[in-house]
Amino acid sequence: MSKFWSPLVKDLVPYVPGEQPKMAKLVKLNTNENPFGPSPKVIEAIQAELNDSLRLYPDPEGESLRQTIATYHGIQPNQVFLGNGSDEVLAHIFYGLFQHGEPILFPDITYSFYPVYCGLYGIPSKVVALTDSFEINPADFTQPNGGVIFPNPNAPTGRYLGLEHVEEILAANPDRVVVVDEAYIDFGGKTAITLVDKYPNLLVSQTLSKARSLAGLRVGFAVGHPDLIEALNRVKNSFNSYPLDRLALAGAKAAYEDEAWFRKCCEGVISERERVTAALENLGFEVLPSKANFIFARHKEQSGEALARGLREQGIIVRHFNKPRISDFLRITIGTSDQNDALINDLDSL
Ligand SMILES: Cc1ncc(COP(=O)(O)O)c(C=O)c1O
């Protein structure tokens with residue numbers, strides 16, 4: 001605390017990202033990064049941008065990338081909004097598309113940035129409990145609200161909600177924006193982007209950090225009705241007109257132009273996820289069904305905290321949340337097969 005802080009900063013409770021340790025030789029399974037690198041075409045595209053043009057500002061609207069994403073998803077460029085990672089897109093959504101006087105609904109176990117945005121903007125929120133099997137019950141999202149947001153698949157549970165149930169939530173909230181945060185959708189789910197022309201209250205956010213292996217480039221986007229996108233542009237242009245730099249715009253576009261690489265990485269993660277799930281079940285873990293690039297698992301006898309500590313002593317980092325209902329779970333990012341073998345062997349020895 002300092003006398004120079006504004007009263008607003010004094011009361012902020014910031015998000016705590018998973019650690020990025022400096023030690024070499026760690027098996028890092030704590031922040032849901034992709035174990036496979038980005039497409040070589042992304043690297044080439046970024047290298048091609050490393051020239052004198054860096055003295056110029058990038059395209060504030062990211063027109064070329066928006067066109068690429070629109071074509072990929074069969075929509076129009078004016079239905080796409082770009083941001084510096086989907087975290088920034090989400091921040092603008094909370095500011096620009098939720099009704100601030102009424103509570104925003106999100107699950108009790110979910111992405112822990114949502115309550116932070118509510119705190120940042122002074123928006124009330126109400127958590128909606130997941131079922132005992134950690135699923136979203138659409139009927140629970142019919143209560144009065146200022147907006148609804150949930151990840152699909154949910155994080156950190158990995159559980160996926162079928163599109164027919166997403167539609168139930170949309171239909172129950174025609175006067176409120178419903179945001180489906182699809183950070184992990186490419187690992188086995190079906191995107192709700194196919195529904196944006198049917199539901200003017202639907203906004204879908206996605207990221208290139210996970211399935212496209214570009215967490216370090218910071219590119220995310222939202223898709224929805226042009227009126228929703230216009231609100232986000234108004235917020236963006238009141239905050240930072242150039243959220244994506246020239247390298248990010250070029251690299252992200254190239255990522256969409258290498259479908260074969262993208263598919264191979266997703267399939268690699270999915271098959272390893274199924275292998276790790278089966279191996280952990282053999283070791284006495286309950287593993288929630290996951291459609292993400294991570295699994296959420298608890299051991300029948302050992303505590304989550306002890307297991308996370310034991311793994312760390314062996315040089316393996318996973319995420320443990322000391323929170324009600326989930327303190328015995330570990331969220332484990334799917335790594336390379338060597339990393340996953342190390343995880344399985346170490347859990348076996350604990
Ligand atoms: C559910 C969810 N949404 C959004 C994000 C943010 O992703 P990024 O800002 O890297 O696009 C994450 C990151 O882990 C996430 O888990």
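For the shell that I will describe, Ala, Val, Leu, Ile, Met, Phe, Trp, Tyr, Cys and Pro count as nonpolar, Asp, Glu, Lys and Arg as charged, and the others, Gly among them, as polar. The model is a predicted one, in which local features need pLDDT of at least 70 and side-chain atom pairs count only at pLDDT 80 or more, while totals for chains, interfaces and linings use all residues. Residues are numbered from 1 along each chain as its sequence is written, and side-chain values use heavy atoms, with hydrogens and water left out.

Let me begin with the ligand. Around the ligand, with a heavy atom within 4 Å of it, are Gly85, Ser86, Asp87, Tyr111, Pro151, Asp181, Ala183, Tyr184, Thr207, Ser209, Lys210 and Arg218. By the classes I began with, this shell divides into four nonpolar, four polar and four charged residues. Helix α4, residues 85-97, gives the most to the shell, with three residues; helices here are DSSP runs of H or I with at least four residues, strands are runs of E with at least two, and both are numbered from the N terminus.

Turning to polar contacts, meaning pairs of N or O atoms within 3.5 Å, an oxygen atom of the ligand is 2.7 Å from an N or O atom in the side chain of Tyr184. The corresponding distance to the side chain of Lys210 is 2.9 Å, again from a ligand oxygen, and for the side chain of Arg218 it is 2.8 Å. Taken alone the ligand exposes 400 Å², of which the protein buries 91%, with areas from the Shrake-Rupley method and a 1.4 Å probe.

Now to the chain as a whole, whose secondary structure comes to 11 helices and 12 strands. Its radius of gyration, taken over C-alpha atoms, is 20 Å, close to the 20 Å that the globule rule (2.2 Å times the number of residues to the power 0.38) gives for 350 residues, so the chain is as compact as a globular protein of that length.

I will close with the backbone. Most residues other than glycine have a negative phi, and most peptide bonds are trans. Asn152 and Pro153, however, are joined by a cis peptide bond with omega about -5 degrees, and Pro153 lies in the loop between β5 (147-151) and α6 (163-172). The bond from Ala155 to Pro156 is cis as well, with omega near 10 degrees, and Pro156 is found in the loop between β5 and α6.

Terms used
Polar contact = N/O pair within 3.5 Å; in protein donor to acceptor, adjacent residues only side chain to side chain.
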